[in-house]
Amino acid sequence: MRDTWTAVDFETANRDRGSVCAVGLVRVEDGRIVDRYTTLVRPPEPVDHFAPFNIDFHGITPEQVADAPEWPRVHRTILEFADGGPFVAHNAVFDMGVIQAACAHTGLAEQPLDYVCSLHTARRTWPALRDHRLPTVCRQIGHELRRHHAADADAEAAAHIMLAAFRAHGVATLPELCLRLRRPPRRATAPTEPQPPRTAPLWSADSRFDRWRREADEPLPEPDPGADPDGPLFGRVVCVSGDLVGMSKTEVWRRVAAVGGVPAKNVTRRTDVLVTGANGGAKTAKHRRAESYNASGSRIDIIDEAELLARLAAGGQRLRGRP
């Protein structure tokens with residue numbers, strides 16, 4: 001029986017995971033790359049706006065996707081390309097979440113999809129690396145990543161990371177690797193039949209509990225070691241408490257990591273910055289804990305969303321200004 005699986009990477013137009021604007025696919029059979037596919041995608045209408053941060057991140061603009069295929073067509077192509085096999089992605093929770101969210105926005109129902117995360121695999125295979133971002137792991141395995149944040153290039157990188165992990169652990173198939181690492185494939189859902197499309201963004205109040213649960217399971221991104229070391233968040237441990245107006249927690253974590261900060265889910269004595277949402281004027285448990293630590297000698301900056309944006313902008317401007 002052939003060992004077949006598909007590496008996948010998505011890019012999104014804004015902070016809603018369903019705002020897919022590009023996908024890259026790489027099919028692997030018996031340890032060899034045998035096929036590739038990539039396309040731009042017109043994001044679903046409820047979330048089809050492009051955020052400046054995302055454009056800076058991947059370079060895709062609204063004009064480029066104006067004539068691109070829409071998600072239902074692209075989704076069918078993805079499933080046909082994978083042909084029932086499992087998916088592999090670097091930080092796979094994000095990419096599987098893109099499939100779920102884009103399907104919800106376009107009224108598609110669910111079926112199970114199995115997946116394995118190359119980020120978790122890299123952490124267990126090369127634990128001594130300073131971080132496990134795609135560029136770092138690619139340097140470790142000798143794969144040249146020329147167009148980071150291009151969906152096809154990142155999908156290919158994820159495939160090469162898994163193949164390198166096969167060699168490092170002396171296995172020949174994905175099931176053998178999962179068994180060796182004691183981490184079986186996980187299961188997500190994807191659509192088969194139409195349902196009423198989602199018209200509200202995934203961060204609406206109606207889905208708050210589900211969002212909190214997803215955020216609790218979300219792996220934290222690694223800080224960018226190439227960010228400006230003089231940036232105000234570089235090397236600082238940053239935690240978010242409550243709901244922000246302009247960003248989800250996962251977007252905050254991603255942007256903090258992009259300027260060299262260290263995202264954290266909980267307040268500890270190692271925390272340097274706590275970002276507080278409005279929260280109806282009430283202090284959260286994290287806020288009270290940070291104040292308690294400060295009272296006993298810690299120095300945790302407690303800031304609001306506006307100050308966070310200012311610090312992110314300062315770090316980003318310095319980074320973009322570097323040669």
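**Close-up views of helix packing and nonpolar cores**

**Figure 1. Contact between helices H6 and H7.** In this predicted model, Leu134, Val137, Cys138 and Ile141 of H6 are in contact with Asp154, Ala157, Ala158, His160, Ile161 and Ala164 of H7. Sorted by class, the residues joining H6 to H7 comprise 8 nonpolar, 1 polar and 1 charged. The two helices, H6 and H7, pack at about 45°, and their axes lie 10 Å apart. H6 is therefore oblique to H7. The crossing of H6 and H7 is left-handed.

**Figure 2. Contact between helices H5 and H7.** Helix H5 spans residues 118-125, and its axis comes within 10 Å of that of H7, with a crossing angle of roughly 35°. The handedness of the H5 and H7 crossing is left-handed. On the H5 side, the contact is formed by Ser118, Thr121, Ala122 and Thr125, and on the H7 side by Ala158, Ile161, Met162, Ala165, Ala168 and His169. The contact of H5 with H7 contains 6 nonpolar and 4 polar residues, and no charged ones. Ala158 and Ile161 of H7 take part in this contact and also appear in the contact of H7 with H6.

**Figure 3. The largest nonpolar core.** In soluble globular proteins, nonpolar side chains tend to be buried together. The largest nonpolar core of this model consists of 30 residues, and those with the most contacts inside it are Trp5, Val88, Trp126, Met162, Phe166, Leu174 and Leu177. At least two core residues come from each of strand S1 (4-12), strand S2 (20-29), helix H6 (134-141), helix H7 (151-169) and helix H8 (174-181). H7 makes the greatest contribution to this core, supplying 11 residues.

**Figure 4. Surroundings of Trp5, and a second core.** Trp5 is one of the residues with the most contacts inside the largest core. Leaving aside residues up to four places away in sequence, Trp5 touches Val26, Arg27, Val28, Pro86, Val88, Ala159, Met162, Leu163, Phe166 and Leu174. A second core, separate from the largest one, has 25 residues, among them Phe10, Ala89, Val98 and Ile99.

**Figure 5. Contact between helices H3 and H4.** Two packed helices are described by the angle between their axes and the distance between the axes. For H3 and helix H4 (residues 92-106), the angle is about 140° and the axes are 10 Å apart. H3 and H4 are accordingly oblique to each other, and H3 passes H4 in a left-handed crossing. Trp71, Pro72 and His75 of H3 meet Ile99, Ala102, Cys103 and Thr106 of H4. This contact of H3 with H4 includes 5 nonpolar and 2 polar residues, with no charged residue. Ile99 of H4 belongs to the second core as well.

**Figure 6. Arg73 in helix H3.** Arg73 lies in helix H3, which covers residues 71-82. Arg73 counts as exposed because its relative accessibility is 54%, and the cut-off for exposed is over 50%. Between Arg73 and Val41, the C-alpha to C-alpha distance is 9.5 Å, although 32 residues separate them in sequence.

**Figure 7. Overview of the protein.** The protein comprises 12 helices and 10 strands. Of its 323 residues, 51% are buried. Among contacts with a separation of 6 or more, 74% involve residues 24 or more positions apart.

Conventions. Residues numbered from 1 in each chain as written. Predicted model: local features only at pLDDT ≥ 70, side-chain atom pairs only at ≥ 80, totals over all residues. Heavy atoms only, no water. Core = buried A, V, L, I, M, F, W, Y, C linked by side-chain atoms within 4.5 Å. Buried < 20%, exposed > 50% of the residue type's maximum accessible area, 1.4 Å probe, protein only. Helix = DSSP H or I, 4+ residues; strand = E, 2+ residues; numbered from the N terminus. Contact = heavy atoms within 4.5 Å. Axes fitted to C-alpha atoms, helices over the stretch in contact; angles between N-to-C directions. Left-handed = near helix turned anticlockwise from the far one by under 90°. Nonpolar A, V, L, I, M, F, W, Y, C, P; charged D, E, K, R; others polar. Parallel < 35°, antiparallel > 145°, perpendicular 65-115°, else oblique.
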